[in-house]
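Hi,

Here is the structure I promised to pass on. Have a look at it when you get a minute, and then read my notes underneath.

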Amino acid sequence: MSGTLRHLEPPRVVNIEDLRRLAQQRLPKVIFDYLDGGAEDEITLRENSSAFQEVYFRPRQAVATPKRDLRTKVLGTEIAFPALLAPVGYSRMMHPDGEAGAARVAGAAGTGYILSTISGYKLEDVRAATKGPCWFQLYMVGGREVAEDSIARAKQAGYGALVVTVDTPIAGMRERDSRNGMKQLMGKNALAKLPYIEEFLAHPRWLAGFLRDGGMPKLENIVVRGKGALALLDVTSALARTVVTWEDFRWMREIWTGPIVAKGVMIGDDARRAVDAGCAGVIVSNHGGRQLDCCDATLRVLPEVVAAVRGQAEVLVDGGVRRGGDIAKAICLGAKAVLIGRAYAYGLAAAGEAGVTRALQILREDLDRTLALIGCETVAGLDSSYVEMGRLGLRRG
Ligand code: FNR
């Protein structure tokens, strides 16, 4: 584990924003912006967070809550607190601990980890790194044959669910990446990388870790038959090949016998389609505002999706969760649990496993404190009576 928790304690690190600041200091700009940024004007990126600020608590006072219980069950598996780690591609570029380190910390904290297809570590090694639940997120980069092979590997390795991301028919326009030359950095032309040397040298801690880790990792879970693991691609090129349709869920259903979860649902009709396609869960997500800009905040869409699935699938939500209180609000509005993306990835980028540990600790303590302050002893007891949603301008259910 690199970095120690002591460096990540108050006064240096009090909240997730502090980890974000440390991540910004440690990472070269091109990598930080990839992690931090969103599509186009970043309206959806901002809305995801600000929607949480439009929901106010209705606390019940003078209630004793001596033993707060943060546990919940997702897809039949108990987790210690209701936040799973979302798939975050290129995690190994942020810190050598990467996907394996994040999974290890999730397991130690008693929660689940969702591994992205775009991972620098082999899915078998990530599964082995955690004693907690582990799900595999699928992008169809490389087509159906390649996807079938990675699904078979995920099954063999003991992944508990297949998460199919449905919001990437192509990549969103991430203007920061385009300006920073992410494509050139990830490309094969060594000369095109020269302009980054100065920026890399200005971030020696990141650079030392990157070089010690062997430089650009390969995409170990996208293995083309006869050719081996794919070299690292920039995200635009990778997502140009990932279109998935509800039809695909049929063949996936045949080869994956465990639960399937559709990630990226933003309207009630699609939630119904997911249920009809046999999904055990849906994740209300706009990819953290990285794909279609100007789609609604996920928190606003959540009640519509919860109503549409009529209890036939579990509903999770992600986007903009930066505080434990946000987790409570999402559960009050009908989510079983949330996924956190940047909140832990900032920690990973700032200090590897220690940073992820600190991020989860912050969110857990926030949530525990929130339960005490609103007078609700258990996460299972949270419901809409604990929030006032007037200002959220909710969409119809
Ligand atoms: C992502 N996300 C993502 N989703 C996915 O299905 N596969 C992936 O490989 C990635 N990669 C990825 C990289 C980075 C750097 C980020 C920030 C996000 C989306 C992610 O799973 C999740 O939906 C969002 O991160 C949720 O929003 P917050 O929590 O980051 O605001």
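Below is what I found, going from the whole fold to the ligand and then to a single tyrosine.

First, a caveat: this is a predicted model, so please read everything here in that light.

**Overall fold**

The protein has 17 helices and 14 strands. Its radius of gyration is 20 Å, close to the 21 Å that the globule rule gives for 397 residues, so the protein is as compact as a globular protein of that length. If you want a feel for the dimensions, the C-alpha trace spans about 65 × 50 × 40 Å along its principal axes. Buried residues account for 54% of the 397. As for how the chain packs on itself, take the contacts with a separation of 6 or more: 72% of them join residues 24 or more positions apart.

**Around the ligand**

There are 26 residues around the ligand, and the ones that come nearest are A86, G89, S116, G288 and G341. By character, the shell splits into 11 nonpolar, 11 polar and 4 charged residues. Which elements supply at least two residues each? Those are α2 (29–36), β13 (337–340) and α17 (342–374). Of the elements, α17 gives the most, with 3 residues.

**A closer look at α2**

Since α2 turns up in the ligand shell, I checked how it sits in the fold. This helix is mostly covered, with 6 of its 8 residues buried. The buried ones are V30, I31, F32, Y34, L35 and D36. And what covers them? The cover includes α1 (16–26), α4 (91–94), α8 (175–180), α9 (182–186), α10 (196–201) and α17. So α17 shows up twice in these notes: it is part of the cover over α2, and it also contributes to the ligand shell.

**One residue to click on: Y159**

Y159 sits in the loop between α7 (143–157) and β7 (162–165). Is this loop residue buried or exposed? Y159 counts as buried, because it has 24 C-beta neighbours inside 10 Å, and the cut-off for buried is 20 or more. Leaving out residues up to four places away in sequence, Y159 touches R127, C134, W135, F136 and A154. For orientation, E353 lies 194 residues from Y159 along the chain, and their C-alpha atoms are separated by 21 Å.

That's it from me. Shout if anything looks odd when you open the file.

Cheers

How values were computed
Residues are numbered from 1 along each chain as its sequence is written. This is a predicted model: local features need pLDDT of at least 70, side-chain atom pairs count only at pLDDT 80 or more; totals for chains, interfaces and linings use all residues. A residue is near a molecule or strand if its C-beta atom, placed from the backbone, lies within 6 Å of it. Helices (H or I, at least four residues) and strands (E, at least two) are DSSP runs, numbered from the N terminus. Ala, Val, Leu, Ile, Met, Phe, Trp, Tyr, Cys and Pro count as nonpolar, Asp, Glu, Lys and Arg as charged, and the others, Gly among them, as polar. A residue is buried if 20 or more other C-beta atoms lie within 10 Å of its own, exposed if 12 or fewer, and partly exposed in between; C-beta atoms are placed from the backbone. Two residues are in contact if their C-beta atoms, placed from the backbone, lie within 7 Å. The radius of gyration is taken over C-alpha atoms; the globule rule is 2.2 Å times the number of residues to the power 0.38.
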